[in-house]
Amino acid sequence: MIQFNSAYLTRKDKKIFDNFNLSIKKNEKILIQGKSGIGKTTFFKVLLGFESLDKGRATFNGWGISKGHIKDIRGSIFYLSQDIDLKNELVRNLLEEIREHNPASLLHKDLQKKMAFLELSIKILDQNVKELSGGERQRLGLLIGFLLDRPVWLLDEPTSALDDPMKKKIADFIAGRDRTIVIISHDEVWKQHPDIKIERWV
Amino acid sequence: MGAQDLGLFSLALLFIFLLPILYINHRLRLAINKTLAISVVRMCVQLGFVGIYLEFLFKFNSPFLNAAYLLIMISIACQSILRSSNLKLKKLFFPVFLSLLIPFVVVLFFFNAVVVNIDNLFEAKYLIPIGGMLLGNCLRSIIVGLNRFYSGIKKNEKVYLYSISLFNSHIQALKPYFKDAFLSAITPTMASMATIGLVALPGMMTGQILGGSIPMVAIKYQIAIMLSIFYTEYFSTILSVIFSLRVGFNEFDVLNPDIFISTQK
């Protein structure tokens, strides 16, 4: 599903990828570990076309990351960024806007059930994104991911702002999905999970 | 008919008031005397030149010359737009040039042909001053529009990229920045339409009345020109953003950092 072959990328004189190779199969669940600055987030950004490799080849579902395929690729990836960079808007309107542009998604179906699972109050629908707490914002990000249900999930520190029972609940749920899922996290819950393969970058 | 000519000597007398101003500035240690002197001298020299070549243009009144003059004015306008908006001249000149030219030509010729109803559309007396007013006012709105659009995206680049990943649509991700930029670009003209005449008479009306027009004629012209300014501004601001997109973003819709003059790395 995801393949990097002899990838090279240098940013600001810092070698981020130096002959980097990786292959992720369909429906695999991978936890990427490694110290910060090693290029974990950059790996996600290359797949999304936000950064480009200097040399080497990255493919997604057999497609090169190119102008012709970028819409298909982005449409197949749910990305949860570390800071959950949602634009500031009424949550209800934001969800509606996402639904409009993702006609095939499950958005709004099971909304209440999924919100209850994430222990999000219905009241946040009438709040602005900026007014939410860090934990609420993280769960809203996950909610959007669950509702979009795209084939590949790239999750950058998805549980950092949550309490332990919540981390566990979410890790169990995500590990059980029939989706290709790549997680960057320092949280123990992911490491201990039997269905998640650990990829250590040094 | 026409305004009484000013004697050069009597015009020069008006400069007497600069003396106490220079003195007060000096005493208050305002340190603006040099700037003030340069500004006054520049004004006189520039207007002197304008006087000379306008006389020249009016005398020949050649459609070709007049059109060439307008094209040069648009080019200079483009240059000053890009300089004030911190964007690279080389990359954005052509898109901004087109976005000024298209609404400008349409509105200007409509004005001359339909509103004023003159036979020679290239008549210097109408083409040049009215063209100048339209351009002068468009400058501000395009500067504000482009500036806010690109600096807004640059400042919120992470949010912008995240919107692309959620909506999978470049246009949708751009919308909030466009909306903000466009509103700040055209709101001032709407506000000035709402208050015009309450406080001061616009310069053009003053000129026409001094030139011998009756007030009602001057007012009709003023309304026509305000509307024309607004239309030109409106469309050239929209077009400047649309035409700049191809240069402003790369093939993956990521903001192109080298359109800014000072890239902070």
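The axes of helix 5 and helix 6 of chain B come within 10 Å and cross at roughly 140°. Axes here are lines fitted to C-alpha atoms, for helices over the stretch in contact, and angles run from 0 to 180 degrees between N-to-C directions. Helices are DSSP runs of H or I with at least four residues, strands are runs of E with at least two, and both are numbered from the N terminus. This is a predicted model: local features need pLDDT of at least 70, side-chain atom pairs count only at pLDDT 80 or more, and totals for chains, interfaces and linings use all residues. Residues are numbered from 1 along each chain as its sequence is written, while chains are lettered from A and ligands numbered from 1 in the order in which they are written.

Helix 5 and helix 6 of chain B are therefore oblique to each other. The cut-offs are under 35 degrees for roughly parallel, over 145 for roughly antiparallel, 65 to 115 for roughly perpendicular, and oblique for the rest. Helix 5 of chain B passes helix 6 of chain B in a right-handed crossing; that is, the near helix is turned clockwise from the far one by less than a right angle, and anticlockwise would be left-handed. From helix 5 of chain B, the residues that meet helix 6 of chain B include V96(B), L100(B), F104(B) and F111(B). Among their partners in helix 6 of chain B are I130(B), G131(B), L134(B) and C138(B). Contact means C-beta atoms, placed from the backbone, within 7 Å. The residues of this helix contact divide into 13 nonpolar, two polar and no charged. Ala, Val, Leu, Ile, Met, Phe, Trp, Tyr, Cys and Pro count as nonpolar, Asp, Glu, Lys and Arg as charged, and the others, Gly among them, as polar.

L134(B) also belongs to the core. The largest nonpolar core has 95 residues, and those with the most contacts inside it are L47(A), I77(A), L154(A), I183(A) and L134(B). Such a core is a set of buried Ala, Val, Leu, Ile, Met, Phe, Trp, Tyr and Cys residues joined through C-beta atoms within 7 Å. Helix 6 (residues 124–155) of chain B gives the most to this core, with 14 residues.

L154(A) lies in strand 7 (residues 152–156) of chain A. It counts as buried because it has 26 C-beta neighbours inside 10 Å. Buried means 20 or more other C-beta atoms within 10 Å, exposed means 12 or fewer, and partly exposed is in between. Leaving aside residues up to four places away in sequence, L154(A) touches F44(A), L47(A), I77(A), Y79(A) and V182(A). On the same basis, I183(A) touches I30(A), L31(A), I32(A), L155(A), P158(A) and W190(A).

Between the chains, 17 residues of chain B are in contact with 19 residues of chain A. Helix 7 of chain B supplies the largest share of the chain B side, nine residues. By class, that side has nine nonpolar, five polar and three charged residues.

Two asparagines take a positive phi although neither is a glycine.

| Residue | Phi | Loop | Other C-beta atoms within 10 Å |
|---|---|---|---|
| N61(A) | about 55° | between strand 4 (55–60) and strand 5 (63–64) of chain A | 16, partly exposed |
| N86(B) | about 65° | between helix 4 (63–84) and helix 5 (89–115) of chain B | 15, partly exposed |

R29(B), just after helix 2 of chain B, has a positive phi of about 55°. Of the ten residues of helix 2 (residues 18–27) of chain B, zero are buried, so this helix lies largely in the open.

Notes:
Contact = placed C-beta atoms within 7 Å.
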